[in-house]
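This report walks through selected features of the structure shown below, moving from internal space to packing and then to polar and charged pairs.

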Amino acid sequence: MSSKLPRPWEQSATSPGEVGASAGWIPDAHIPEQPATSAVVRFFGALRRYKWVALAVTLLFSAAGVVASRLVAPSYDVFAVLWIENTSRNEGPIRSEQLLQSSGWIDLLRSYAVMDEVVQEMRLYLGVRQTDRDAFENFKLRESIAPGRYQLKVSPAGDTYTLYRGDAEAVETRSVAEPVGSELGWSWQPGRAHLTAGRIIDFSVNNPRDAATGLINSVQPNIAWESNLMRLTMTGPDPRATAAQLNAVANRLVEVAAEMKRGQYDELTVALEEQRQSAEETLQTAELALEQFSTMTATMPAGAAVSSGPAGAVGSGGTTDPVTARYLAMQLDLERFQNDRASIERILVDARSRGLPLDALAMVESVQSSTSLRTAIEEYQTRKAERRALLDRYTEDHPSVVRADRTISDLETVTIPQLANELVAQLADRERDLAGRSATASAQLRAVPSRQLELARLQRQVAIASELYGTLEQRRDQARVASASTIPDIRVLDPAVAPTGPTSNRQLLVILMGIMGGLGISVVGVFLADRFDPRVRYPEEVTRGMGLSVLGVLPYIRKRNSKAGAQATLQAAEAFREIRLNLASAHGTAGPVTVTITSPSPGDGKSFVSSNLAFAFGNDGRRTILIDGDIRRGVLHRRLRSDRTPGLTDYLAGEVSLTDVVRDTDDPNVFFIPTGTRRVNAPELLGSAAMGKLLLELRNHFDAIIIDSPPLGAGVDAYVLGTHTRDMMMVLRTGTTDRSLANAKLAMLDRLPIRMLGAVLNATPTMTGTYRYYSYAPGYEIEASADEVKLLVGEPG
């Protein structure tokens with residue numbers, strides 16, 4: 001634009017009243033506070049901004065889930081069912097008629113007596129790949145081993161091997177024909193057939209007890225209430241191996257139960273044999289006494305001799321007198337009751353200091369006749385034998401042994417002494433009864449010779465000793481037969497079978513966890529990124545955080561030639577009309593609109609807003625002049641296709657006149673002053689009196705004076721221009737402007753005579769969410785031609 005053209009800018013400015021009427025604005029109009037953005041709207045807005053990052057994170061975690069799923073083997077559940085016999089006698093490690101039945105068998109199942117043998121038999125202490133198992137067919141452990149991870153490497157020639165432990169620590173190097181790991185507690189000789197040239201075998205050797213503990217934890221037993229069935233469940237990655245392990249555990253449980261039952265009978269046999277020998281000695285003693293007495297009485301005179309026949313025979317001829325027989329029987333019973341009661345009382349007294357001698361108590365005739373006391377003693381003997389059998393498998397702290405100790409203690413200290421005392425009382429009652437009946441007998445019956453009484457007593461002792469001996473011998477023989485033909489109280493009903501399909505396949509679950517984990521981290525990341533984003537994103541951050549009114553919102557124009565770009569351009573045109581209205585209203589009616597437009601930092605779009613706002617005022621019929629006050633990096637002359645010099649700095653330096661620097665534009669109502677020559681003292685020129693005189697001169701000829709200043713962060717230029725215009729408008733770029741920087745620069749304005757009229761939010765990415773309040777209803781846009789759409793100068797940035 002030539003400066004020699006007529007100078008329309010020198011025409012008089014429209015009066016303030018005319019300006020207001022033509023603009024249609026109401027002076028001092030109130031700009032309402034912007035509505036707050038809801039958390040949901042903010043989140044979805046942030047999700048749209050970071051959608052590619054969120055998608056990348058989700059895809060990354062999904063890929064990691066797919067990779068991890070290949071490392072997760074499917075799991076197979078195998079089952080075995082065992083039958084537990086219900087016996088009336090307590091012949092196993094449990095009481096079949098009590099609640100302890102379940103816990104007793106489960107404790108036995110979880111004992112190392114069962115699991116250690118399974119671990120040794122199946123070599124579960126080895127960690128070997130399936131392809132290398134053929135080399136470990138004769139692998140065994142000795143008592144002392146060295147657990148750890150190992151690697152066996154065969155030389156390329158195939159004549160030697162080297163065994164490494166852990167991190168390449170060579171343990172031994174030997175010929176392939178020699179045993180491997182002899183010094184490590186192994187018994188293993190793979191042989192040349194398995195140690196081929198260059199072969200590498202990775203394996204691990206664990207402590208067998210640790211392997212047994214792992215096996216105990218992997219087998220889950222279950223016994224239903226009042227049921228004879230025990231269900232065993234085991235889960236593993238290999239169905240065949242898992243089924244084989246569970247069957248080995250079930251079979252070993254049956255074997256241990258049979259061994260324990262056989263051991264119990266063996267112990268009982270030993271105890272009964274000891275009692276039988278004692279009874280045999282008692283019988284021999286009684287028979288000897290009877291034989292000696294018979295020999296002694298046989299040499300007496302006739303009539304004085306006593307028949308060695310059955311008790312009750314009286315006279316030399318063996319004539320039987322029923323009255324005499326009854327009297328002799330009463331005398332014998334009375335004597336036996338007195339002796340048995342005295343023996344029991346003596347045993348109970350000795351039990352207080354030395355324990356209860358049950359063998360001696362069992363030899364008392366009245367004890368053998370007492371069903372309850374004899375049963376209690378047999379129960380005690382059975383429990384003692386059971387405890388000795390349990391100690392072969394468990395320690396003294398095991399629950400089964402503790403329960404057996406408790407039962408034995410109760411029998412020894414409570415049940416048997418109580419029954420013995422009751423028997424003593426019964427014997428005393430019988431003594432009193434027999435003594436009374438014996439006192440009423442005739443004197444003739446009392447004159448029965450004492451030799452007959454002694455003979456009857458000895459015969460009774462032989463009969464009792466013989467009966468006891470026979471009973472113990474019979475029980476011993478029964479225990480021997482039971483031991484030889486022991487049938488365990490538990491047997492396998494349904495062995496485990498390898499399932500055809502997995503019980504649970506966690507591969508899909510791992511993939512879903514990867515996807516959900518990626519989504520979760522993306523959601524949390526988006527939320528935190530939006531929460532702690534230091535940039536301007538939402539209108540309330542300007543109104544509430546900075547205390548500025550939002551004069552308008554400009555959409556981001558991506559492609560001007562596309563349909564969406566044309567729509568965004570029309571929205572921007574409407575937005576500039578709104579900014580013009582709000583700016584004029586905020587400025588007031590005192591003189592022409594004179595405002596400095598700035599931003600906190602470069603790139604916020606202040607030049608775009610300044611130029612298009614000038615044309616918006618021009619389209620409204622107002623004489624407007626646009627001044628490029630960015631003396632450092634001004635670019636408005638390029639957008640307006642004009643020369644940079646001469647310009648503002650040249651005029652302020654007094655080198656050219658005002659007529660030389662004012663340019664006209666395509667709009668007859670809009671004029672332009674470029675930045676001018678770059679000068680070192682340009683900031684000082686902006687603060688000079690010449691700048692004030694320039695604005696005073698321009699106020700007389702224009703309705704709107706818009707100065708595009710440098711950013712607030714670029715120096716004092718914007719502050720100096722603001723003190724001249726007294727009014728300033730801030731341009732904030734959504735997603736770019738730093739809030740902390742903007743607040744810091746606004747704090748400096750508080751100390752200067754500058755009125756901040758408001759802010760314009762530039763380049764909003766979408767006119768949805770909170771920004772929908774600044775868009776225009778569809779169908780009400782002004783239809784514009786292509787030339788009118790091009791009225792926007794430059795891009796929104």
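## Cavities

In this predicted model, the largest cavity is lined by Gln275, Ala362, Met363, Gln368, Arg374, Ile377, Glu378, Gln381, Leu468, Thr471, Leu472 and Arg475. The elements that contribute two or more residues to this lining are α11 (371-391) and α14 (450-484). The space in the largest cavity comes to about 110 Å³, and a search of the whole structure finds five cavities of 30 Å³ or more.

## Nonpolar cores

The largest nonpolar core consists of 59 residues, and within this core Trp186 and Phe203 are the residues with the most contacts. Helix α7 (residues 239-298) gives the most to the core, with a contribution of 10 residues.

When neighbours within four places in sequence are left aside, tryptophan 186 is in contact with Phe139, Lys140, Leu141, Arg142, Tyr150, Leu163, Val180, Gly181, Phe203 and Val205. Apart from the largest core lies another core, made up of 28 residues, which include Phe576, Leu640, Phe672 and Val731.

## Polar contacts of threonine 665

Threonine 665 is located in the loop between β17 (663-664) and β18 (670-673). With a relative accessible area of 12%, threonine 665 counts as buried, because the cut-off for that class is under 20%.

From this position, the side chain of threonine 665 reaches two backbone oxygens: that of aspartate 667 at 3.1 Å, and that of valine 670 at 2.7 Å.

## Salt bridges between chosen pairs

Side chains of opposite charge can pair when their charged atoms come close. In this model the count comes to 30 salt bridges, and three of the pairs are described here in turn.

Arginine 174 forms a salt bridge with glutamate 172, and the closest N and O atoms of this pair are 3.9 Å apart, a separation that qualifies because the cut-off is within 4 Å. Arginine 174 is partly exposed, having a relative accessible area of 23%, whereas glutamate 172 is buried, with a value of 8%.

The salt bridge between arginine 577 and glutamate 574 has its closest N and O atoms 3.1 Å apart. Both residues belong to helix α17 (residues 563-587), where arginine 577 and glutamate 574 are three residues apart, or about one turn of the helix. Arginine 577, at 34% relative accessibility, counts as partly exposed, while glutamate 574 is buried, with a relative accessible area of 16%.

## A link across the chain and a network

Aspartate 708 forms a salt bridge with lysine 606, the closest N and O atoms of the pair lying 3.2 Å apart. This pair links distant parts of the chain, since aspartate 708 lies in strand β19 (residues 704-708) and lysine 606 in helix α18 (residues 606-619), 102 residues apart. Aspartate 708 and lysine 606 are both buried.

Elsewhere, salt bridges with shared partners join Glu273, Arg276, Glu280, Glu473, Arg476, Asp477 and Arg480 into one network.

How values were computed. Residues numbered from 1 in each chain as written. Predicted model: local features only at pLDDT ≥ 70, side-chain atom pairs only at ≥ 80, totals over all residues. Heavy atoms only, no water. Salt bridge = Lys/Arg side-chain N within 4 Å of Asp/Glu carboxyl O. Buried < 20%, exposed > 50% of the residue type's maximum accessible area, 1.4 Å probe, protein only. Helix = DSSP H or I, 4+ residues; strand = E, 2+ residues; numbered from the N terminus. Polar contact = N/O pair within 3.5 Å; in protein donor to acceptor, adjacent residues only side chain to side chain. Core = buried A, V, L, I, M, F, W, Y, C linked by side-chain atoms within 4.5 Å. Contact = heavy atoms within 4.5 Å. 1 Å grid on protein atoms, 1.4 Å probe; cavity = no way out; pocket = protein on both sides within 12 Å on 5 of 7 lines; lining within 4 Å. Points joined across faces, edges and corners; volume = space filled by probe spheres on them.
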